[in-house]
Amino acid sequence: MYEIKKESLYSLLKRLTEAIGPSGYEDSVRDIVVDELKSYADSLWIDSLGNVIAVKKGSKGAARLMIAAHMDEIGLIISYIDERGFLRFQPIGGVSERTLLGQRVAIKTLNGDIIRGVIGTKPPHIMKPEEMKQVPDSKDLYIDVGVSSRAEVEKLGITIGSIAVFERDLTTLGTSDVIIGKALDDRVGVAAMIEAFKAIDGNDVDVYAVATVQEEVGLKGARVAAYSITPHIALALDVTVASDVAGVSEQDWITQLGKGPAIKVADGRAASGLIAHPAVRNKLIEIAKQYGIPYQLEVLHGGTTDASIIALNKEGVPAATISIPTRYIHSPAEVANLNDIVMSSKLTMLFATKITSEWALTLIRKNFK
Ligand code: CO
Ligand code: ZN
């Protein structure tokens with residue numbers, strides 16, 4: 001039987017987070033996911049959008065559980081190359097200018113080469129005092145790849161449409177349990193899902209583990225995967241805000257780092273994202289309590305996950321989310337706690353193993369006549 005362990009999870013995470021995979025260009029992440037899951041799945045395929053779907057069969061005629069974690073990360077897409085060789089770009093997903101200045105980026109060319117660049121920033125020496133505190137507009141930002149003409153940029157293989165992401169290794173902070181890197185959103189969810197899938201054994205429901213594409217640009221992969229699977233019940237694994245940092249009062253923390261997986265109650269502005277299905281949410285709480293998994297409850301007033309689109313598939317799907325508390329989301333220096341990720345993976349594995357088809361099917365429809 002496969003055991004979920006911190007060390008193997010970290011080495012998997014290192015490979016996953018360092019892979020380049022902005023929305024629509026998840027190929028490098030997808031290769032790792034397929035490689036990891038294929039020997040543990042009864043069947044596995046990639047659909048037309050690029051979602052990876054791995055199935056572990058349950059009992060005969062079982063209900064279908066869909067677990068989703070997104071492979072894509074935020075990034076940049078080159079939109080213009082000027083005659084001096086500087087690259088202009090558009091964001092892919094929720095990129096804030098505040099996080100871009102002075103960052104190293106990795107640009108992927110059409111033939112797969114990786115070229116390093118930097119998002120240029122004006123030195124303070126020549127800034128006006130009022131400029132020092134300002135965040136420049138993204139139209140004034142550019143990537144410098146160290147060459148001096150458009151022809152040289154083209155020779156590197158960079159064209160309009162080449163994509164770029166933050167260039168960051170995964171490493172640890174002052175304690176080896178706390179990791180820092182790019183794209184923890186949502187490679188931590190992907191890693192937790194992969195390890196959970198490997199460890200699932202004796203499941204009654206059919207488990208569909210889906211590594212989705214294009215979540216950051218509108219939950220697109222999850223939408224089509226849910227349509228093709230028609231799940232009876234669903235779980236998303238994604239990061240959530242941990243704003244338990246200096247200067248933020250306790251009531252605004254959302255979640256805390258190192259206090260275990262967050263079981264979501266609601267997300268999106270004014271709860272417009274997901275309102276977790278109460279029975280599924282309560283089942284997660286019940287299992288966490290029973291198996292000694294620490295957990296926290298989460299109400300997030302902005303942002304959502306794949307669960308909110310899966311919940312609206314066909315006649316509706318009871319859905320919930322296990323969130324991994326993460327600081328500084330959508331920056332090049334996202335921070336999470338390995339213990340939270342391990343526990344999220346275990347909770348996912350236990351949920352998939354312990355629920356029965358009979359229970360899942362009672363949530364779908366109640367006949368009165
Ligand atoms: Co995100
Ligand atoms: Zn995410």
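1. Leaving aside its neighbours within four places in sequence, with which residues is Ile341 in contact? In this predicted model, the contacts of Ile341 beyond that window are Leu9, Leu13, Ile179, Val188, Ala192, Ile324 and Ala336.

2. Ile341 also belongs to the largest nonpolar core, a set of 85 residues. Together with Val33 and Phe351, Ile341 is among the residues with the most contacts inside that core. The element that gives the most to this core is helix H4 (residues 184–199), which supplies ten residues. Apart from this core lies another, of 20 residues, including Ile81, Leu87, Ile115 and Leu141.

3. The cobalt ion (ligand 1) is coordinated by Asp185 through OD, by Glu216 through two OE entries, and by His330 through NE2, at 1.8 to 2.6 Å. The spacing of these donor residues in sequence is D-x30-E-x113-H. Because the four donor atoms subtend angles of 55 to 150 degrees, the arrangement around the cobalt ion is irregular; a tetrahedral assignment would require all angles to lie between 85 and 135 degrees.

4. A zinc ion (ligand 2) lies 3.3 Å from the cobalt ion (ligand 1), and Asp185 coordinates both. The pair links distant parts of the chain: Asp185 is in helix H4, whereas Glu216 is in the loop between strand E12 (206–212) and helix H5 (220–229), 31 residues apart.

5. Are Asp185 and Glu216 buried or exposed? Asp185 counts as buried because its relative accessibility is 7%. Glu216, with a relative accessible area of 15%, is buried too; the cut-off for buried is under 20%.

Technical notes. Residues are numbered from 1 along each chain as its sequence is written. Chains are lettered from A and ligands numbered from 1 in the order in which they are written. This is a predicted model: local features need pLDDT of at least 70, side-chain atom pairs count only at pLDDT 80 or more; totals for chains, interfaces and linings use all residues. Side-chain values use heavy atoms; hydrogens and water are left out. A nonpolar core is a set of buried Ala, Val, Leu, Ile, Met, Phe, Trp, Tyr and Cys residues joined through side-chain atoms within 4.5 Å. Buried means under 20% relative accessible area, exposed over 50%, partly exposed in between (1.4 Å probe, protein chains only). Helices (H or I, at least four residues) and strands (E, at least two) are DSSP runs, numbered from the N terminus. Contact means heavy atoms within 4.5 Å. Donors are N, O and S atoms within 2.8 Å of the metal (3.2 Å for Na, K and Ca); water is not among the atoms, so sites may look incomplete. Four donors count as tetrahedral if all angles lie between 85 and 135 degrees; four count as square planar and six as octahedral if opposite donors are over 155 degrees apart and all others between 65 and 115; anything else is irregular.
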